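Student: I've got a protein model open and I'd like to learn how to read it. Can you walk me through it, one feature at a time?

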Amino acid sequence: LFDTRTPNDPLSVGAVPVAGEAFSATFVGNRLVLAMGQHTGLRYCQPAAGSIGLPPPPEYSLSGPYRDHNPTWDPVQGGLVVMSSAQSGGSMVGQLQVPGAAFTDAVSLGGTLIAAASPQLGVLIVDVATGATEVARLTFDQDLSNAPGHALRLRRSGDLLLVASLEGSVALVDISAPLAPRVISAGNTEQ
């Protein structure tokens with residue numbers, strides 16, 4: 001954790017004792033919430049025998065998107081971790097893991113957490129008041145759009161949520177009633 005009130009001189013103020021890769025962090029009230037995932041990529045992608053060229057890529061390539069349909073890609077995993085605070089000595093008070101999902105971003109709306117979960121889960125609305133309980137979901141599938149993609153990044157402006165999708169477009173969601181998100185536009189590709 002860094003204090004960035006002076007951007008050209010950030011101050012390290014602590015660390016959160018969790019295993020894994022934190023893709024995003026936000027506060028919901030006084031609680032710190034971490035969106036955890038893992039970088040995915042081809043494993044052991046060695047060049048063909050006898051080829052001369054660039055050295056082989058690392059064991060895990062960090063440039064690939066989530067590809068759950070390709071067996072040569074490692075399975076996706078992650079979760080949401082809710083800490084009692086960002087203070088030194090804060091404890092974990094909740095955790096949400098969805099099999100096959102990596103949580104790539106999170107934003108808060110009042111006392112509610114909104115999280116992007118890839119691949120193909122979309123946007124989850126989570127109650128973090130007493131732990132981490134999913135209360136609603138906006139699934140990114142062919143019923144949403146003809147090119148839904150994988151929810152990757154979230155930005156909130158008032159009661160509007162913009163969801164940037166990998167291999168898709170930007171979805172615009174009305175979150176004025178967070179437990180019943182309503183899609184305004186899902187970026188259909190016109191034919």
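Tutor: Sure! Keep in mind that this is a predicted model. Let's begin on the surface, where Leu1, Leu11 and Val13 make a nonpolar patch of about 260 Å².

Student: Where does Leu11 sit in the chain's layout?

Tutor: Leu11 belongs to strand 2, which covers residues 11-12.

Student: How many helices and strands does the chain have?

Tutor: There are 0 helices and 14 strands. Read from the N terminus, the elements go β-β-β-β-β-β-β-β-β-β-β-β-β-β.

Student: What share of the chain's residues is buried?

Tutor: To call a residue buried, we want its relative accessible area under 20%. Here, buried residues account for 40% of the 191 residues.

Student: And how do I read a strand in those terms? Take strand 8: how many of its residues are buried?

Tutor: Look at each residue in turn, then at which way it points. Strand 8 spans residues 112-118, and 7 of its 7 residues are buried, so it counts as mostly covered. Thr112, Ile114, Ala116 and Ser118 point one way, while Leu113, Ala115 and Ala117 point the other way, and all are buried.

Student: Which strands does strand 8 pair with?

Tutor: Follow the bridges. Strand 7 (residues 102-109) is joined to strand 8 by 7 bridges, and the two run antiparallel. Strand 8 also pairs with strand 9 (residues 122-127) in the antiparallel sense, over 6 bridges. For single pairs, look at Leu109, which stands opposite Thr112 in strand 8, and at Ile114, whose bridge partner in strand 9 is Ile125.

Student: How many residues lie between strand 7 and strand 8 in their hairpin?

Tutor: There are 2 residues between them, and Gly110 in the turn has a positive phi of about 65°. You can read the next hairpin in a similar way: strand 9 and strand 10 have 5 residues between them, with Gly131 in the turn at a positive phi of about 145°. Strand 10 covers residues 133-138 and runs antiparallel to strand 9, with 5 bridges joining them. Within that pairing, Val123 has Leu138 as its bridge partner.

Student: Now for a whole sheet. In what order do the strands of the open sheet come?

Tutor: This open sheet has 4 strands in the order 11-12-13-14, with antiparallel pairing. Strand 11 (150-157) and strand 14 (182-185) are at the edges; each has a single partner strand, so one side of each has no neighbour in the sheet. From one strand to the next, the twist averages 30°.

Student: Can we zoom in on the middle of that order? How many bridges join strand 12 to strand 13?

Tutor: Strand 12 (residues 160-166) and strand 13 (residues 170-174) are joined by 5 bridges and run antiparallel. Leu160 is opposite Asp174 in strand 13.

Student: Is Asp174 buried or exposed?

Tutor: Asp174 is buried, with a relative accessible area of 15%. Its side chain makes a polar contact with the side chain of Ser176, at 2.8 Å.

Student: What about Ala164 in strand 12?

Tutor: Ala164 is partly exposed, with a relative accessible area of 31%. Its C-alpha atom is separated by 5.1 Å from that of Arg153, although the two are 11 residues apart along the chain.

Student: And Ala19: where is it, and is it buried or exposed?

Tutor: Ala19 is in the loop between strand 2 and strand 3 (21-28). With a relative accessible area of 74%, Ala19 is exposed.

Student: Last topic: how many salt bridges does a search of the whole structure find?

Tutor: The search finds 4. One of them is between Asp105 and Arg155, with the closest N and O atoms 3.1 Å apart. Asp105 lies in strand 7 and Arg155 in strand 11, so this pair ties together parts that are 50 residues apart in sequence. Asp105 is buried at 6% relative accessible area, whereas Arg155 is exposed at 53%.

Student: Which residue forms a salt bridge with Arg5?

Tutor: That's Asp3, with the closest N and O atoms 2.4 Å apart. Arg5 is exposed, at 72% relative accessible area, while Asp3 counts as buried at 19%. Glu134 and Arg137 form a salt bridge too, with their closest N and O atoms 2.9 Å apart. Glu134 is partly exposed at 29% relative accessible area, and Arg137 is partly exposed at 35%.

Note on methods: Residues numbered from 1 in each chain as written. Predicted model: local features only at pLDDT ≥ 70, side-chain atom pairs only at ≥ 80, totals over all residues. Heavy atoms only, no water. Patch = residues over 30% accessible without salt bridge, like charges linked within 9 Å, V, L, I, M, F, W, Y side chains within 5 Å. Areas by Shrake-Rupley, 256 points an atom, 1.4 Å probe, with all protein chains shown as cover. Salt bridge = Lys/Arg side-chain N within 4 Å of Asp/Glu carboxyl O. Pairing = 2+ DSSP bridges. Axes fitted to C-alpha atoms, helices over the stretch in contact; angles between N-to-C directions. Buried < 20%, exposed > 50% of the residue type's maximum accessible area, 1.4 Å probe, protein only. Polar contact = N/O pair within 3.5 Å; in protein donor to acceptor, adjacent residues only side chain to side chain.
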